Amino acid sequence: MVYQFLRRNLRFILTITAAAFLLRLMFIRYFPGVVTDSFVYGDIAKNWLQHGVYGLSGPEEISPTYIRLPGYPAFLALIFSIFGMEHYRAVLIVQMFLDVGACFVCADIALRIFGPASARTAFVLAALCPFLANYSAAALTETLEVFFTALALDLTARALQTSRAAYWAGCGAACAAAILLRPDGMLLVVAIEAFLVWKFAAKRSVNRLPVRIFLIPVLLVGVVSTLPLVPWTLRNWRVFHRFQPLAPRYANEEEEFVPMGFNHWVKTWIADYSSVEEIYWAVPGSEMDPGKLPSRAFDSLQQQAQTAGVIKEYNTLLHVSPELDRRFEAIASDRIRAHPARYYLGLPALRVLDMWARPRTEMLPSDSRWWEFNDEPKFSALAVSLGMINVCYLVLALAGWVRTRRTPLVGLLITFCIFRSAFLGTLENPEPRYTLEMYPVVILLGAATIAGNRALAQGQVSHAEARSDVL
């Protein structure tokens with residue numbers, strides 16, 4: 001099936017592949033993204049290579065750390081060992097190839113679920129997606145995370161079509177890579193396992209399927225995906241005497257004070273990325289501008305004055321002391337108690353909506369408050385253009401879900417998006433890049449809309465369903 005598709009569409013594939021490389025090279029040339037987090041990963045990779053210590057450089061010595069999982073530092077260490085220490089341009093070039101590889105993976109998923117027409121369309125949508133291309137030019141985990149997420153979904157589709165254990169093991173390995181890059185990669189495993197449980201339960205209620213058919217894929221994916229965490233966990237226990245199978249939620253060092261009161265206060269009002277830049281990232285070290293707080297940050301004039309007083313004290317210290325943190329916590333507790341639905345439902349939903357709907361210009365020169373049009377005209381136009389492109393992708397994906405919701409394996413794609421979106425709503429920092437791992441799903445469903453798979457939408461039995469023991 002794949003060989004025939006490649007042979008029949010070779011010229012088309014080569015043309016679109018060339019366009020994909022050109023788009024990514026443009027971002028690497030004009031908008032390379034080597035940011036603070038990039039240097040943190042790079043410092044760990046350099047110390048790992050040169051001194052054999054997985055740690056951060058200090059004034060006098062290298063301190064072992066567990067604030068970042070070893071996946072991306074290992075990738076950087078490999079690139080540095082080949083092309084030279086701190087050669088970030090080489091990192092971006094390698095990421096470009098991986099990102100184009102993800103385009104092929106998306107096409108393969110579409111071919112297996114929807115057919116050749118959707119595969120061609122998915123390849124075009126992935127290759128020319130400015131958001132995937134933009135992050136291939138950023139020395140961050142996103143490009144690798146997207147690649148391994150798409151690969152895990154592709155191997156799941158292959159496994160459900162053939163029932164081969166090797167594909168389930170490969171799916172687990174891809175999930176393991178996603179987890180070693182970012183802790184939230186674990187959501188991919190949870191989504192796949194939940195989908196398998198649901199499909200097996202649905203089928204078992206009709207046909208008495210042997211339990212082993214269900215257990216083999218579940219165990220293979222679960223064991224293989226988590227096995228690489230064992231040496232990392234043992235290392236953390238030996239070095240820090242701490243059970244730490246993943247990276248800490250707030251990327252804090254051992255015994256480092258985390259201002260949870262401040263974080264809780266932020267979560268009682270934050271809903272958009274501009275507030276992340278202006279308020280959340282300012283702490284500690286920079287002054288907070290109370291004028292940047294939205295009106296929803298206060299429930300009364302008294303609370304506004306109380307908040308202003310706490311911010312004024314912070315601006316004097318430029319760090320959150322335990323005493324000041326308790327004052328932030330007191331304000332947060334009052335607000336949560338007064339409006340629990342807003343805190344637990346309303347604001348998380350707004351944060352998820354903001355992450356999905358933004359123009360995704362955070363790695364570009366455009367102002368995060370793009371709608372105020374105070375930026376240079378070319379960057380305002382860029383933000384508006386990317387915003388319209390993002391909306392088009394999302395509208396096509398929504399229409400694709402409506403069209404193909406009864407198609408086998410679409411449930412897996414949607415399950416992953418639901419789990420990940422729900423998790424993102426719990427974060428204090430709604431950064432649009434966190435939805436990028438779900439963009440392969442957006443591309444697949446959008447391709448189904450454009451290609452017009454009416455037969456599959458009406459519930460026709462697919463090749464996947466016909467050959468799978470689980471579905």
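Glutamine 303 contacts Ala297, Phe298, Ile331, Asp334 and Arg335 in this predicted model, once neighbours within four places in sequence are set aside. The residue belongs to helix H15, which covers residues 301-317. Its relative accessibility is 9%. Glutamine 303 therefore counts as buried, since the cut-off for that class is under 20%.

The setting is a mainly helical assignment by count: the protein chain holds 22 helices and 2 strands. Helix H15 is the one that carries glutamine 303. Burial extends well beyond this position. Of the 471 residues in the protein chain, 54% are buried. Contacts were also examined by sequence separation. Among those with a separation of 6 or more, 74% join residues 24 or more positions apart.

Overall dimensions were then considered. The radius of gyration of the protein chain is 23 Å. A compact globule of 471 residues would be expected near 23 Å, so the value agrees with that form. Along the principal axes, the C-alpha atoms occupy a box of roughly 65 × 50 × 50 Å.

Surface and charge complete the description. The exposed area of the protein chain is about 20,800 Å². Carbon and sulfur atoms contribute 63% of that area. The charged side chains number 43 positive and 38 negative. The centres of these two sets are 14 Å apart.

Notes:
Residues numbered from 1 in each chain as written. Predicted model: local features only at pLDDT ≥ 70, side-chain atom pairs only at ≥ 80, totals over all residues. Heavy atoms only, no water. Helix = DSSP H or I, 4+ residues; strand = E, 2+ residues; numbered from the N terminus. Rg over C-alpha atoms; globule rule 2.2 N^0.38 Å. Buried < 20%, exposed > 50% of the residue type's maximum accessible area, 1.4 Å probe, protein only. Contact = heavy atoms within 4.5 Å. Areas by Shrake-Rupley, 256 points an atom, 1.4 Å probe, with all protein chains shown as cover. Lys, Arg positive; Asp, Glu negative; His and termini not counted. Charge placed at Lys NZ, Arg CZ, Asp CG, Glu CD.
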